[in-house]
Amino acid sequence: MTHESEKLLFSAFKTTLPVLFGYIPLGMAFGLLLAGAGYHWIYALVMSIFIYTGAGQFIAVALLAAGAQLMEFVTITLLINLRHSFYGLSLLDKFSGVGKVKPYLMFALTDETYALLTTTTVPEGASKARFYFYISVLDHLYWIAGSVLGAVLGSMLRLNLEGLTFVLAALFVVLTLEQYYASRARFPFMAAMGAGVLSLLLFSPDNMLLLSIMIGTLILIMYERTTKGKNSEPLSNDSATREELL
Amino acid sequence: MTDTAYMLVVIAAVALATFATRALPFIFFSRREPPELLSTIEKNLPPMILLLLVIYCLKDVQWFEPPYGVPEIFTIAVVTVLHIWRRNAMLSIFAGTGLYMVLVQLIF
């Protein structure tokens, strides 16, 4: 590995540190759950390599225990992970021109990786594709390591990790603030507050993220439509003034 | 079907379904231009989704039972103030997480 890519890898490592501290305990919780359901740790490894989704893997264990039909696995997974389609929508530009790592970047697009990729800037002079790839791979490795660790060590470990997964909430808070500094747009935050609090009140914990993203996106579309209506100039003309409006 | 084979089929199905949700927008818009409306909300999606992810982390809080979400709200407030003050991501994240662990393990 050249000195340049070593430096870039280290920079990606620093960026993903909070995810390391979040994915290890969260992955361990999944491994514990799977081992508790009577499955060999090798399944934790296989699932975390090939499925790689937090909530989805937890629910898969519950479905396994309930002896669900294959169609149920597919439907529920699609519903739980549909939010990721919204992630991709805002990464179409960023992922264009990343070359042969694109399929992997798409595959590895978890909530946390999405949050990092949309907020972190690529170090000056470095390759975007390589930086995104490092971040994605590192996060993936943390998740795999955590879940195998949980499944293997299981009940042997007596560490009190209660509360450690809140590191992910803290990460999201910091990244939200960085988004706030990076853009003059204020309406997305208002839309999120409205849609988020509403969903917290109305929907079950399992459904709220997807539904809140859908409601929030609808609010954004409606807002865009009404400001476009008031504004006589065409939308695509001047993105700077449009940004000021938001 | 043996247990192992069934398990592998289930894993493959869940893996494909997960990948499908992540790949969908890229496949859908690989050959056509995204509609204008989409490109205008595109850059507003990340800030909105990130704040929604923060709110999502509160999904299991019992607001009407002690401790009424105090550890979560207090920690989020501390992380916010700390980050506005020092703008040091690692400091904000790890001080906040440490504080939260102390709160839920020792105090509440």
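Mentor: Two residues are in contact if their C-beta atoms, placed from the backbone, lie within 7 Å. Please keep in mind throughout that this is a predicted model.

Trainee: With that cut-off, how many residues does the contact take from chain B and from chain A?

Mentor: Both sides of the contact have to be stated, since each chain supplies its own set of residues. The contact takes 57 residues from chain B and, on the other side, 74 residues from chain A.

Trainee: Which element of chain B gives the most to the side that touches chain A?

Mentor: The elements of chain B that give two or more residues to this side are helix H1 (3-28), helix H2 (36-42), helix H3 (45-56), helix H4 (70-86) and helix H5 (89-107). By class, the residues on this side of chain B divide into 41 nonpolar, eleven polar and five charged. The element that gives the most, with 16 residues, is H1(B).

Trainee: Why is chain B described as more spread out than a compact globule?

Mentor: Chain B has five helices and zero strands, and from the N terminus on its elements run α-α-α-α-α. For 108 residues the globule rule gives 13 Å, and the radius of gyration of chain B is well over that, so the chain is more spread out than a compact globule, at 21 Å.

Trainee: Is Tyr52(A) buried or exposed?

Mentor: Tyr52(A) lies in the loop between helix H2 (41-50) and helix H3 (54-65) of chain A, and its phi is near 55 degrees, a positive value in a residue other than glycine. A residue is buried if 20 or more other C-beta atoms lie within 10 Å of its own. Because Tyr52(A) has 24 C-beta neighbours inside 10 Å, it counts as buried.

Trainee: And to which class of exposure does Arg87(B) belong?

Mentor: Arg87(B), in the loop between H4 and H5 of chain B, has a positive phi of about 55 degrees although it is not a glycine. With 13 other C-beta atoms within 10 Å, Arg87(B) is partly exposed.

Trainee: Where in chain B is Pro67(B) placed?

Mentor: The peptide bond from Pro66(B) to Pro67(B) is cis, with omega near 0 degrees. As for its position in the chain, Pro67(B) is in the loop between H3 and H4 of chain B.

Trainee: Within chain A, which element supplies the largest share of the side of domain 1 that touches domain 2?

Mentor: The domain assignment of chain A gives domain 1 (3-182) and domain 2 (183-246), and their contact takes seven residues from domain 1 and six residues from domain 2. On the domain 1 side, helix H5 (83-89) and helix H9 (166-182) of chain A give two or more residues. The largest share, three residues, comes from H9(A).

Methods. Residues are numbered from 1 along each chain as its sequence is written. Chains are lettered from A and ligands numbered from 1 in the order in which they are written. This is a predicted model: local features need pLDDT of at least 70, side-chain atom pairs count only at pLDDT 80 or more; totals for chains, interfaces and linings use all residues. Helices (H or I, at least four residues) and strands (E, at least two) are DSSP runs, numbered from the N terminus. Ala, Val, Leu, Ile, Met, Phe, Trp, Tyr, Cys and Pro count as nonpolar, Asp, Glu, Lys and Arg as charged, and the others, Gly among them, as polar. Domain bounds come from an automatic or database domain assignment. The radius of gyration is taken over C-alpha atoms; the globule rule is 2.2 Å times the number of residues to the power 0.38. A residue is buried if 20 or more other C-beta atoms lie within 10 Å of its own, exposed if 12 or fewer, and partly exposed in between; C-beta atoms are placed from the backbone.
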